[in-house]
Amino acid sequence: MPDTDGRVVVDREACIGSGVCVLHAPHTFAHDDEAVAFVADPGGDPAEDIATAVEACPTGALRLTARETEE
Ligand code: SF4
């Protein structure tokens, strides 16, 4: 279980609009008119669900900001 404060960022250049993040954390992520994901509410879902979405993203477009200190 990654260490997270529930903050997450989307690299919108890398997003291909798969919708996986919206599936796992529907209150945190949303799609804009072009199906590119954005963070609608950083604390919209439990941290575990957000972490699952980050891991499931097929392009690695999502990143937990708390992880930046580990890399
Ligand atoms: S899972 Fe990744 S590629 Fe799919 S919509 Fe979310 S950010 Fe975009």
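User: In what pattern do helices and strands follow one another along the chain?
Analyst: The model is predicted, so local features need pLDDT of at least 70 and side-chain atom pairs pLDDT 80 or more, while totals for chains, interfaces and linings use all residues. Residues are numbered from 1 along each chain as its sequence is written, and side-chain values use heavy atoms, without hydrogens and water. Helices (H or I, at least four residues) and strands (E, at least two) are DSSP runs numbered from the N terminus. The chain has 2 helices and 4 strands, and their pattern along the sequence is β-α-β-β-α-β.

User: Which element gives the most residues to the largest nonpolar core?
Analyst: A nonpolar core is a set of buried Ala, Val, Leu, Ile, Met, Phe, Trp, Tyr and Cys residues joined through side-chain atoms within 4.5 Å. The largest one holds 16 residues, and F29, I50 and L62 touch the most other members. At least two residues each come from β1 (8-10), α2 (47-56) and β4 (62-64). The element that gives the most, with 4 residues, is α2.

User: Which residues is L62 in contact with, leaving aside neighbours within four places in sequence?
Analyst: Contact means heavy atoms within 4.5 Å. L62 is one of the core residues that touch the most other members. With those neighbours left aside, the contacts of L62 are V9, V10, C21, F29, A53, V54 and C57.

User: Is A35 buried or partly exposed?
Analyst: A35 is found in the loop between β2 (29-31) and β3 (37-39). Its phi is near 65 degrees, a positive value in a residue other than glycine. Buried means under 20% relative accessible area and exposed over 50%, with partly exposed in between (1.4 Å probe, protein chains only). Because its relative accessibility is 31%, A35 counts as partly exposed.

User: How many charged residues are in the lining of the largest cavity?
Analyst: On a 1 Å grid over the protein atoms alone, a cavity is a set of points where a 1.4 Å probe fits but cannot get out, and lining residues have an atom within 4 Å of a point. The lining of the largest cavity has 15 residues, with C15, S18, C21, A37 and C57 nearest its centre. Ala, Val, Leu, Ile, Met, Phe, Trp, Tyr, Cys and Pro count as nonpolar, Asp, Glu, Lys and Arg as charged, and the others, Gly among them, as polar. By class, the lining has 10 nonpolar residues, 5 polar residues and no charged residues.

Conventions
On a 1 Å grid over the protein atoms alone, a cavity is a set of points where a 1.4 Å probe fits but cannot get out, and a pocket is an open set with protein on both sides within 12 Å along at least five of seven lines; lining residues have an atom within 4 Å of a point.
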